[in-house]
Amino acid sequence: MSSFNPRHKIATRTRLSEVRYEIRGELARRARELEGQGRSLIKLNIGNPGAFGFRAPDHLQRAIADHIANTDPYTHQQGLPEAREAIAAFHKARGTPNASPERVFVGNGVSELIDISLRALLNPGEEVLLPSPDYPLWSAATILNDGRPVYYRCDEANGFLPDPEQMEALVSSRTRAIVLINPNNPTGANYPRALLERIVAIAQKHRLLLLVDEIYDGILYDDHVFQPVAPLAGDLPCMTFSGLSKVHRACGWRVGWAVLSGDPMACGDFHHAMDLLGALRLCANVPGQFAIEQALHGTDTITPLCQPGGRLYETRRALIESCAASPHLSLVAPAGALYGFPAVVGDAARGFDDHAFALEMLETEDVLLVPGSSFNVPYRNHFRVTLLPEASVLREVFSRIDRVLERRAVT
Ligand code: PLP
C-alpha cells in the first residue's frame with residue numbers, strides 16, 4: 001500500500017501535469033533500475049560532458065581554486081561584478097548593442113534563467129513562439145509560468161531550419177516572445193545570418209521579445225559559422241542565454257548567464273522584474289562565477305575538439321557514417337551542438353513508435369536513447385543521441401540500433 005497521503009495532491013495551478021521532461025524521465029528511471037540489477041548501459045540521454053570523461057579546462061578549475069576562500073558570501077543577485085564585467089565585455093566584442101554589466105544576470109545554469117525570464121514576462125494565456133523540435137525546458141517553463149507554447153516547425157526537409165513566413169503566420173495579439181535555440185538542441189541546426197535577419201524583422205514588426213538560447217555557441221563543425229542574434233537585433237529587446245555547461249564542459253558547476261540588449265527604455269520593467277526574481281533566490285552558485293572571466297577571455301579549448309581529430313568531431317563523423325551506412329536511418333548532419341537527431345525510414349518505420357523503440361533499445365540492447373517526440377514534435381520516428389561518447393562507442397550503439405531496426409523491418 002502506498003504511504004502517500006492522498007490529500008497531498010500536486011498543485012494543479014502550476015499545470016505540472018502538462019509538463020514533460022523525458023530526457024530524465026521514465027526511461028532514465030528504468031535504466032537506473034537495470035543498473036541496480038548489475039546491467040552495464042550506454043547512456044546517451046543527457047548532454048553531460050563530465051559523464052563521458054570530459055573535464056572542465058584546467059585554467060577554469062584553477063580560477064575557482066584560487067578564489068575559493070572568497071566564495072563564502074552571497075553575491076549581488078545579478079552576479080559577481082567581475083563575472084558580469086567579463087560577460088558584458090565578451091558580448092560587446094561580438095557586437096551586442098548596449099551590453100553592460102548592469103544588464104547581465106548570472107544564474108544557476110541557463111535553466112534557472114529560462115524560468116525566471118518567462119516568469120518575468122508572461123501573463124496567463126500569453127503565447128511564446130517555440131521551435132519544434134525544442135529543448136523541452138522551454139516548453140515546460142512557458143507552461144509553468146501560465147503561458148502557451150505555440151510551435152513553429154523546423155522542417156527536416158529544410159535542414160531543420162524554421163520558415164519565417166510560417167513563424168509570422170503564428171503571431172497573434174497574445175504573442176510576447178520568439179524563442180530561438182541556435183545552434184540547436186536536438187537537431188544540431190545552425191541558423192544562417194540571412195534567416196536570423198528575417199526572424200529579427202518579424203520580432204521588430206510585432207514588438208516581440210527575442211529569447212535566444214545560444215548555450216552551444218562555440219560548438220560548430222566543418223565550415224559552419226555561428227551568428228549571434230543580438231548584434232542583428234539593434235534596439236529590439238533581446239535576451240541572450242549562454243553559460244559554462246557545454247562549451248566549457250562544466251555543467252555541474254551550474255553557471256549560466258543572460259544578457260539583455262536593445263533599447264534600455266523598452267525593457268526597463270522586464271529588467272526590474274528579472275532583478276527582483278534574482279533577488280528572491282538570493283544569488284547564483286558563487287565558486288563557479290570565478291571561472292567566467294577565464295572561460296570567456298582565456299584559451300579557447302572547445303574549437304580543437306570540434307575539428308578533425310578532435311573528440312566531438314570524430315564522434316560526429318561516426319554518427320554521419322553510421323546513419324549513411326544504415327538502410328533504416330536518415331540524418332541531417334548536425335552543424336553544431338552535441339546531438340544527432342536521426343529519423344527511422346523505410347520498412348523499419350512502418351508503425352514505428354519512438355517510445356517503444358527506445359524501450360526496446362534499453363531492455364534488449366543496453367542503450368538509453370531519447371525518443372524524438374520528447375522534443376515536442378508531432379511525428380514519432382526520430383531519436384536523439386549525444387555526441388559525447390568516444391566514436392567507437394557511438395559506432396557500437398548504431399550497430400545495435402541497426403540490429404533492432406532490421407528485426408522491425410522484416411516483421
Ligand atoms: N538550453 C539548452 C538548449 C540546453 O541543451 C541545455 C542543457 O542541455 C540548457 C539550456 C540548460 O543548460 P544549463 O546547464 O546551463 O542549465
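Pro133 sits in the loop between β3 and α5. In this predicted model, the peptide bond from Ser132 to Pro133 is cis, with omega near 5°. A second cis bond links Asn185 to Pro186, where omega is about 15°. Pro186 belongs to the loop between β6 and α7. Most peptide bonds are trans.

**Backbone with positive phi**

Most residues other than glycine have a negative phi. Asn98 has a positive phi, near 60°, and is not a glycine. Asn98 is placed in the loop between α3 and β2. Is Asn98 buried or exposed? Asn98 is buried, because 20 other C-beta atoms lie within 10 Å and the cut-off for buried is 20 or more.

Asp146 also departs from negative phi: its value is positive, about 70°, although Asp146 is not a glycine. Asp146 lies in the loop between α5 and β4. With 16 C-beta neighbours inside 10 Å, Asp146 counts as partly exposed.

**The sheet**

What is the strand order of the open sheet? The order is β2-β9-β8-β7-β6-β3-β4-β5, a run of 8 strands with mixed pairing. The edge strands are β2 (104–107) and β5 (161–162), each of which pairs on one side only.

Strand β7 covers residues 209–213 and is mostly covered, with 5 of its 5 residues buried. Which way do the residues of β7 point? Leu209, Leu211 and Asp213 point one way, Leu210 and Val212 point the other way, and all are buried.

β7 runs parallel to β6 (residues 175–181), joined to that strand by 5 bridges. The chain gets from β6 to β7 through helix α7 (residues 193–206), and this β-α-β crossover is right-handed. Bridge partners can be named: Ala177 is matched with Leu209 of β7, and Ile178 with Leu210 of β7.

β7 also pairs with strand β8 (residues 238–243), again in the parallel sense, over 4 bridges. Here Leu210 stands opposite Cys238 in β8. Leu210 therefore has a named partner in β8 as well as Ile178 as a bridge partner.

**Helices on the sheet**

Helix α3 (residues 81–93) lies across β2, β8 and β9 (256–261). The angle of α3 to β2 is about 120°. Helix α5 (residues 136–144) lies across β3 (127–132), β4 (148–155) and β6. The angle of α5 to β3 is about 165°.

**Helix pairs**

Two packed helices are described by the angle between their axes and the distance between the axes. Two pairs are listed here.

| Helix pair | Axis angle | Axis distance |
|---|---|---|
| α4 (residues 109–121) and α9 (residues 268–280) | roughly 130° | within 9 Å |
| α13 (residues 354–365) and α14 (residues 391–410) | about 110° | 11 Å |

The axes of α4 and α9 cross at roughly 130°, which makes α4 oblique to α9. Their crossing is right-handed. On the α4 side the contact is made by Ile116, Ser117, Arg119, Ala120 and Leu121. On the α9 side it involves Phe270, Ala273, Met274, Leu277 and Gly278.

For the second pair, the angle between α13 and α14 is about 110°. Why does α13 count as roughly perpendicular to α14? The reason is that angles of 65 to 115 degrees fall in the roughly perpendicular class. α13 passes α14 in a right-handed crossing. Glu360, Met361 and Glu365 of α13 make the contact, together with Arg400, Ile401 and Val404 of α14.

**Around Leu331**

Leu331 is found in the loop between β10 (329–330) and β11 (339–340). Leu331 is partly exposed, with 19 other C-beta atoms within 10 Å. The cut-off for buried is 20 or more, so a count of 19 leaves Leu331 in the partly exposed class.

Which residues does Leu331 contact, leaving aside its neighbours within four places in sequence? Leu331 is in contact with Leu319, Ile320, Cys323, Gly340 and Pro342. Of these, Ile320 is 11 residues from Leu331 in sequence. Their C-alpha atoms are 7.2 Å apart in space.

How values were computed:
Residues are numbered from 1 along each chain as its sequence is written. This is a predicted model: local features need pLDDT of at least 70, side-chain atom pairs count only at pLDDT 80 or more; totals for chains, interfaces and linings use all residues. A residue is buried if 20 or more other C-beta atoms lie within 10 Å of its own, exposed if 12 or fewer, and partly exposed in between; C-beta atoms are placed from the backbone. Helices (H or I, at least four residues) and strands (E, at least two) are DSSP runs, numbered from the N terminus. Two strands pair if DSSP finds at least two bridges between them. A crossover is right-handed if, with the strands pointing away from the viewer, the path from the first strand over the helix to the second runs clockwise. Axes are lines fitted to C-alpha atoms, for helices over the stretch in contact, and angles run from 0 to 180 degrees between N-to-C directions. Angles under 35 degrees count as roughly parallel, over 145 as roughly antiparallel, 65 to 115 as roughly perpendicular and the rest as oblique. A crossing is left-handed if the near helix is turned anticlockwise from the far one by less than a right angle, and right-handed if clockwise. Two residues are in contact if their C-beta atoms, placed from the backbone, lie within 7 Å.
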